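Subject: Structure for your review

Dear colleague,

Please find below the structure that I am handing over to you. My notes on it follow directly after.

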Amino acid sequence: MNFDESIDRREYPTLKWSKSFLEEHFGNAEAIPMSVADMDLKAPPAVIEALQKRVAHGIYGYEYRPEGYFEALLDWYRSRYGWEIEREYLEFSPSILSAIAILIDQHTDEGDGVILQPPVFFEFRMVIRSNRRKVVKNPLRLVDGRYEMDFADLERKATDPKNKMMILCTPHNPVGRVWTKAELAQVAEICERHNVFVIADEIHGDFTFPPRQFVPYLSVTESENAAACISPAKTFNISGMVDALAIIPGEAHRQQFRDFAHRYQINKTNVFASAAVEAAYRSGGAWLDALLRHIQGNADFIEAYLRQNDIGVSLIAPEGTFLAWLDFRALGLDAKALEKFLALEAQIALASGYWFGREGAGFARMTIGCPRETVRRAFDNLTAAVEKLRLREKP
Ligand SMILES: Cc1ncc(COP(=O)(O)O)c(C=O)c1O
């Protein structure tokens with residue numbers, strides 16, 4: 001488990017590292033790629049071994065998800081989070097976003113509002129709009145360097161009967177909050193009272209830094225007007241291979257989801273995904289614990305770096321995820337100028353804050369699931385660019 005090993009990802013058509021992607025989005029094919037949320041490190045050894053074994057078998061015909069797959073998944077959630085998932089609640093989907101799109105389609109009508117908490121993962125907005133629903137914002141508030149939910153505003157938004165759904169990002173991408181049981185219970189209470197269907201996107205659930213603990217949304221509510229989406233994709237860095245799961249407690253809702261999956265034939269599995277996921281959930285615990293220490297170490301490194309080098313940048317301390325939400329507002333650049341400055345002068349490709357909603361302007365998200373050396377290079381570049389900027393600005 002050497003998370004500091006430098007691995008060439010350009011050998012394959014990796015989105016994050018491809019020169020055409022960097023050129024298109026950042027105007028700089030040489031920028032250090034830190035925008036896409038996958039990690040520059042190898043999957044757990046148990047996953048690699050399971051795949052090698054499966055490849056060696058040589059026959060890759062139709063399969064079903066084996067019993068061991070379910071046992072490993074249910075054990076993972078039971079042993080790590082004390083969450084007993086009812087096996088019959090599980091439905092499959094090719095990705096988290098497709099599960100969200102199906103749930104939007106089934107629980108809202110065209111023109112209805114879907115509540116989001118920006119700054120938040122930008123694809124939520126896209127999937128809401130492409131389904132011809134309206135984004136309704138319940139912005140997070142930054143209070144003393146930590147983001148909080150605005151419950152009074154959520155109550156107001158939930159009161160409008162047109163707003164039938166909320167997508168909750170838990171833990172939160174990009175701000176790195178790990179929502180507490182009390183916060184989640186308050187969301188559940190408000191949404192239940194107003195009949196708002198909650199989709200809890202828990203793809204980052206396994207990334208919490210002790211003593212913070214991941215609290216599964218469905219463990220704080222009995223409501224059938226809710227679903228959780230989970231996936232091993234981020235946890236084990238296998239996002240190019242696996243599908244996702246929706247956990248749907250309401251029987252009628254579940255049947256509706258299943259009917260859709262049958263209608264569009266999206267319920268097939270992939271032999272490699274099954275092998276990888278079973279191995280990951282069965283044997284990946286110690287690897288994940290070590291990974292979390294590495295990512296926390298990267299965040300600590302950034303904190304220390306910014307303490308030692310006064311460059312007008314600060315880190316919103318992450319409680320989880322493998323993402324660093326950086327505050328550049330003190331540089332005094334507008335959103336577009338900041339984006340250009342980072343890509344062209346600092347030569348780092350970060351996800352611009354305004355992509356996550358205008359509430360993110362002045363910030364940027366850096367993926368820190370990578371060797372420490374990559375983070376160090378990024379901050380050295382940034383420091384040099386800020387020094388040049390300050391020289392230019394001097395009268
Ligand atoms: C919060 C969140 N949800 C969903 C996704 C995408 O998941 P999928 O590829 O399974 O649709 C991401 C990826 O970055 C994410 O951060």
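Two residues are in contact here if their C-beta atoms, placed from the backbone, lie within 7 Å. Leaving aside neighbours within four places in sequence, Phe151 is in contact in this sense with Gln186 and Ile190. Please bear in mind that the model is predicted.

Phe151 belongs to helix 6, which covers residues 151-159. Is this residue buried, exposed or partly exposed? Phe151 has 15 other C-beta atoms within 10 Å, and it is therefore partly exposed; the buried class begins at 20 such atoms and the exposed class ends at 12. Lys164 is 13 residues away from Phe151 along the chain, and their C-alpha atoms are separated by 17 Å.

I turn next to the domains. The domain assignment gives domain 1 (19-43 + 286-393) and domain 2 (46-283). Taken over C-alpha atoms, their centres are separated by 26 Å. Contacts between the two involve 25 residues of domain 1 and 29 residues of domain 2. On the side of domain 1 that touches domain 2, at least two residues each are supplied by helix 10 (285-308), strand 12 (323-327) and strand 15 (363-367). The largest share of that side, three residues, comes from helix 10. By class, the side of domain 1 that touches domain 2 consists of 14 nonpolar, six polar and five charged residues.

Strands 12 and 15 also belong to an open sheet of four strands, ordered 11-12-15-14 and paired in the antiparallel sense. Why do strand 11 (314-316) and strand 14 (351-352) count as edges? Each has a single partner strand, so one side of each is left without a neighbour in the sheet. Strand 12 and strand 15 are joined in antiparallel fashion by five bridges, and one bridge partnership links Leu323 with Thr367 of strand 15. Between strand 14 and strand 15, also antiparallel, there are two bridges; Ser352 has Ala364 of strand 15 as its bridge partner.

Strand 15 is largely enclosed by the rest of the structure, because five of its five residues are buried. Phe363, Arg365 and Thr367 point one way from this strand, whereas Ala364 and Met366 point the other way. The residues on both faces, Arg365 among them, are buried.

The largest nonpolar core comprises 116 residues. Which of its members touch the most others? They are Val198, Ile199, Cys229 and Ile348. This core draws at least three residues from each of domain 1 and domain 2. For Cys229, leaving aside neighbours within four places in sequence, the contacts are Ile96, Ala99, Ile100, Ile199, Asp201, Glu202, Ile203, Ala244 and Ala246. One of these contacts, Ile199, is itself listed among the core members that touch the most others.

Finally, the ligand. It has 13 residues around it, and those that come nearest are Ala37, Ser95, Ile96, Leu97 and Asn173. By class, the shell around the ligand has eight nonpolar residues, four polar residues and one charged residue. Ile96, one of the residues that come nearest to the ligand, is also in contact with Cys229.

With kind regards

Terms used. Residues numbered from 1 in each chain as written. Predicted model: local features only at pLDDT ≥ 70, side-chain atom pairs only at ≥ 80, totals over all residues. Near = placed C-beta within 6 Å. Nonpolar A, V, L, I, M, F, W, Y, C, P; charged D, E, K, R; others polar. Core = buried A, V, L, I, M, F, W, Y, C linked by C-beta atoms within 7 Å. Domains from an automatic or database assignment. Pairing = 2+ DSSP bridges.
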